[in-house]
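The following exercises concern charged pairs, a helix and a ligand site. Please work through each task with the sequence and the model at hand before reading its solution.

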Amino acid sequence: MTHGNGTRDDGRLTDVSAVPSGRHAVVVGGGLAGVTAALALADAGVRVTLLEGRPRLGGLAFSFRRGELTVDNGQHVYLRCCTAYHWFLDRIEGTALAPVQERLDVPVVDLARPEGRRLGRLRRDALPVPLHLGRSLAAYPHLSLAERARVGRAALALKGLDLADPALDDQDFGSWLTAHGQSARAVEALWDLVGVATLNAAAGDASLGLAAMVFKTGLLSDPGAADIGWARVPLGELHDRLARKALDSAGVRTEVRTRVTSVLKNGNGQWSVQVPGETLTADAVVLAVPQREAHELLPPGALDAPGRLLEIDTAPILNIHVLYDRKVLATPFLTALGTPVQWVFDRTEASGLKDGQYLALSQSTAQDEIDTPVATLRERYLPELERLLPRTRGAEVKDFFVTRERTATFAPAPGVGRLRPGARTKAPGLYLAGAWTATGWPATMESAVRSGVGAAGAALAALGRSRDRLPDFEEAA
Ligand SMILES: Cc1cc2nc3c(=O)[nH]c(=O)nc-3n(C[C@H](O)[C@H](O)[C@H](O)COP(=O)(O)OP(=O)(O)OC[C@H]3O[C@@H](n4cnc5c(N)ncnc54)[C@H](O)[C@@H]3O)c2cc1C
């Protein structure tokens, strides 16, 4: 059976020759980068086919069913400064489903204090930058007075860094913090608290360029820049269902369960995109797949040094899901110090759970635990949750499971900037997209959307189509 756009329920391609004539673009990969590129090309009047190997759109940010629950593969948040992801949400009519908190407010619980559990908050005021964080920092109980003053001075030094300076990418953030008077405690209780969650690397393993970009844009550009947004529905509702609806209405032909096996120039100067049993012909191709897959699919000569793509390392994220028979966490999320628990989110409403509370622990930089058996993680994390959330004591654990994403992000290591290619390749008509390409952002939804718009823009220029309808995002601060 076929849908309005020519897709069959089984996801197999239908009659390729039935596609009407005109400039045709094929987008390979239905993650956020690919969906964005497809929408942007279609909005500019190009005929688009989007090919995704899996049975759903959304790539690394997706949902699945577990009994009555709808589970996200990993908790995703974004910031108010993520203008491209905001555009994407608007474009798929999903903005109301993933609102941003009115004002940055992050509860930070420290369990390492001899006097017991201590709550601090990272909040902002309605004051201009950098005063918007001044009061919160001055009252932050997890650092000494001297440490707080030194954090303020380091933040000002960070603000002065020129993000366009490529030398920043060669240095590691941890050494820069040490050189700017930051104690190990300040790194743990402040810089890594934010940095690990946004970069998926501890300061010592992160490029100063990427870290500076995150902190300057998120905390030092606009007072509201770091206000946190997250989906109140399953990610699949946004990145699969609503994305699919927007693609359908834009006239994009979307094929899932359709893995591309090769992309080659044919005798007519067009591109031949091979999927099992079919060949599609295209004037432009956007490869919006992870870097390893891009390396496999790129035809010879498309990049000067294609091997560099394989040097872009990946980093894992682990999510630990715990269902309690009662409410144990009163805030939508919190973060913790002095425990292996990093960030805890209340997933109850989004998952459709009717009774009790569903918590998801988002564990970044999970290299040491990504292969740890569930039983071991259970033994390790349930007591930690009892220390962190006193109401869990005596509560019944109804379910405990984990989701493991071994290649969740590219590793934002020093030097990674040199390895990330732009949207254009040396092969005319062939473009790259993906959070891992050179957007200036770490591996985020924001980076994925930016890359999709960038690739669509490059393709439109080559196809001689207007770029008037492309969104225009500001560069990082
Ligand atoms: C657990 C976890 C937590 C995260 N948390 C956050 C967060 O809080 N905030 C944030 O902004 N970001 C977060 N991220 C990162 C974010 O999800 C990614 O950066 C973003 O989704 C990447 O999108 P993409 O389109 O570039 O790539 P992908 O999502 O990897 O999409 C690529 C697509 O290409 C498809 N594909 C591959 N090969 C082929 C082929 N040959 N033919 C057809 N299709 C193919 C794949 O199936 C996939 O769907 C998180 C990621 C994970 C895994």
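**Exercise 1. Identify how the side chains of Arg113 and Glu115 meet, and state whether Glu115 is buried or exposed.**

Step 1. Arg113 and Glu115 meet through their side chains in a salt bridge, with 3.3 Å from N to O; the term requires a side-chain nitrogen of Lys or Arg within 4 Å of a carboxyl oxygen of Asp or Glu.

Step 2. Glu115 counts as exposed because its relative accessibility is 53%. Buried denotes under 20% relative accessible area, exposed over 50%, and partly exposed in between, with a 1.4 Å probe and protein chains only.

Step 3. The model is predicted: local features need pLDDT of at least 70, side-chain atom pairs count only at pLDDT 80 or more, and totals for chains, interfaces and linings use all residues. Residues are numbered from 1 along each chain as its sequence is written, and side-chain values use heavy atoms, with hydrogens and water left out.

**Exercise 2. Place the salt bridge of Arg185 with Asp110 in the chain and in its network.**

Step 1. The closest N and O atoms of Arg185 and Asp110 are 2.9 Å apart.

Step 2. This pair links distant parts of the chain, 75 residues apart: Arg185 belongs to helix H6 (residues 184-199) and Asp110 to strand E6 (residues 105-110). Helices (H or I, at least four residues) and strands (E, at least two) are DSSP runs, numbered from the N terminus.

Step 3. Arg185 counts as partly exposed because its relative accessibility is 22%. Asp110 counts as buried because its value is 1%.

Step 4. A network of salt bridges links Asp110, Arg113, Glu115, Arg185 and Glu188. The structure holds 22 salt bridges.

**Exercise 3. Describe the salt bridge between Arg253 and Glu255, and state whether the two residues are buried or exposed.**

Step 1. The side chains of Arg253 and Glu255 form a salt bridge at 3.1 Å, N to O.

Step 2. Both Arg253 and Glu255 are buried.

**Exercise 4. Determine which residues of helix H2 are buried and what takes a positive phi just after H2.**

Step 1. Within helix H2 (residues 83-91), the buried residues include Ala84, Tyr85, Trp87, Phe88 and Leu89.

Step 2. Just after H2, Glu93 has a positive phi of about 60°.

**Exercise 5. Find the polar contacts that Ala33 and Glu52 make with the ligand.**

Step 1. A polar backbone atom of Ala33 is 2.9 Å from an oxygen atom of the ligand. A polar contact is a pair of N or O atoms within 3.5 Å.

Step 2. In the side chain of Glu52, an N or O atom is 2.6 Å from a ligand oxygen atom.

Terms used:
Polar contact = N/O pair within 3.5 Å; in protein donor to acceptor, adjacent residues only side chain to side chain.
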